[in-house]
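Biologist: Could you take me on a close look at one part of this protein, the spot that the UniProt record marks as an active site? I'm new to this, so please connect it to the rest of the chain as you go.

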Amino acid sequence: MEGLVNSRIIPIRASCRRHYSVFLPTFSLQLRNKNLNKGQVWMMRRPKSLDSIAASIQPLEASTTGNTDNRQPSKEVLELWRSADAVCFDVDSTVCVDEGIDELAEFCGAGKAVAEWTARAMGGSVPFEEALSARLSLFKPSLAQVQDFLNKRPPRISPGIEELVKKLKARNTDVYLISGGFRQMINPVASILGIPQENIFANQLLFGSSGEFLGFDANEPTSRSGGKATAVQQIRKVKGYKALVMIGDGATDLEARKPGGANLFICYAGVQHRESVAAKANWLVFSFTDLITALE
């Protein structure tokens, strides 16, 4: 972000769980001065802003007949999956078995109210930016609370995701994490999966110089409705991918399938089965094993 000066790195240890086993990577938050009324702001580094695009390759639309048979992928869907040169994963309820913001809210004592907002946002009934702001306002996590949460509540990784990511990498397929969650909580997940920081598109929690909660960075594309689609378009413009797949469970993931964005949307319902989203997917799976097998 422009106008940020006097950076210094503040290391934070966070434990991560790989299929419920303990793994301990480290990552860092940055302290930067910013004119946000409070003075200093704690936040993670973010990739340089990129311009959105409208590429010529058209997405593969779901069936107009209700798509009740999309658990059995068509030949065209399988060909796209196998030929993809990039795959973008949602994180909450996809790569991980829980919703990060819900878990943080529960840790801070506001779990039920925040979970209700999350269900509405993922179902597409309210704009994502409205739901994000409302959820955070319910508990306003401090930097100390986030640090404590990361140490005591390591993320739980979905069964099969590590093997799938390894197989994709072996095929020279680039892997990205695109999330409406927060970098502070996603970095440990990326460390487990061996996904580089520059391949993460997510939101930033902002903290003042005393660690008090200030809000979130509204400049991140993933902080608003349509943001994942924008992120996918940005990735595609920069990298020039011919075939890109989006995998997730929510309405914001489905939005990524559009001209210039994802060619294919695979709905992962192994954690949350959102019927309105699943019905519009090109392929509905309940286990990552299905995707692994299809690559063999």
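Modeller: Sure, and let's start with the whole chain: there are twelve helices and 13 strands in it. Keep in mind that this is a predicted model. Of its 296 residues, 55% count as buried. If you take the contacts between residues at least 6 apart in sequence, 67% of them join residues at least 24 apart. We'll run into pairs like that along the way.

Now to your spot. The UniProt record, an unreviewed entry, puts the feature "active site" at D90 and D92. Both D90 and D92 are included in the lining of the largest cavity. Let's zoom in on D90. You'll find D90 in the loop between β6 (86–89) and α2 (91–95). Is D90 buried or exposed? Its relative accessibility is 4%, and the cut-off for buried is under 20%, so D90 counts as buried.

Who sits around D90? Leaving out residues up to four places away in sequence, D90 touches V95, I178, S179, K228, M246, I247, G248, D249 and D253. Three names from that list are worth following: K228, D249 and D253.

Take K228 and D253. Together with D90, they are linked in a network of salt bridges. Within this network, the side chains of D253 and K228 meet in a salt bridge with an N to O distance of 2.6 Å. The two partners come from distant parts of the chain, 25 residues apart: K228 belongs to helix α9 (residues 227–239), while D253 belongs to helix α10 (residues 251–254). And D253 and K228 are both buried.

D249, the third name, has a salt bridge too. Its side chain meets that of R274, at 2.8 Å from N to O. Again the pair links distant parts of the chain, 25 residues apart: D249 is in the loop between β11 (244–248) and α10, and R274 is in the loop between β12 (264–268) and α11 (275–278). Which side of the 20% cut-off do they fall on? R274, at 12% relative accessibility, counts as buried because that value is under 20%. D249 is buried as well, with a relative accessible area of 0%.

For contrast, let's look at a salt bridge elsewhere; the total count is nine. E103 and R153 bring their side chains together at 4.0 Å, N to O. This pair also links distant parts of the chain, 50 residues apart, with E103 in helix α3 (residues 100–107) and R153 in the loop between α6 (143–152) and α7 (161–170). Here, though, E103 is partly exposed, with a relative accessible area of 26%. R153 is partly exposed too, at 31%.

Helix α10, where D253 sits, leads us to another helix. Along with α3, α5 (128–139) and α11, α10 is among the elements that cover the buried residues of α4. Which residues of α4 are buried? They are G111, V114, W117, T118, A121 and M122. These residues take up an arc of only 130° around the axis, so they lie on the same side of α4. You can also check the length of α4 (residues 111–123) yourself: at 1.5 Å a residue, its 13 residues should span 18 Å, and the end C-alpha atoms are indeed 18 Å apart. Just after α4 comes G124, which takes a positive phi of about 85°.

Let's finish with two more residues. N199 is in the loop between α8 (183–193) and β8 (200–203). With a relative accessible area of 11%, N199 is buried, because that is under 20%. Not counting residues up to four places away in sequence, N199 touches V175, Y176 and L177.

Then there's K167, in helix α7. K167 is partly exposed, with a relative accessible area of 24%. Setting aside its neighbours within four places in sequence, K167 is in contact with I292, L295 and E296. K167 and L295 are 128 residues apart along the chain, yet their C-alpha atoms are separated by 8.1 Å.

So, back to your spot: D90 is a buried residue, it is one of the residues lining the largest cavity, and it shares a network of salt bridges with K228 and D253.

Notes. Residues numbered from 1 in each chain as written. Predicted model: local features only at pLDDT ≥ 70, side-chain atom pairs only at ≥ 80, totals over all residues. Heavy atoms only, no water. Helix = DSSP H or I, 4+ residues; strand = E, 2+ residues; numbered from the N terminus. Buried < 20%, exposed > 50% of the residue type's maximum accessible area, 1.4 Å probe, protein only. Expected span 1.5 Å × (residues − 1). Arc of directions from axis to C-beta. Contact = heavy atoms within 4.5 Å. UniProt positions renumbered as here; feature names shortened; annotations may be inferred. 1 Å grid on protein atoms, 1.4 Å probe; cavity = no way out; pocket = protein on both sides within 12 Å on 5 of 7 lines; lining within 4 Å.
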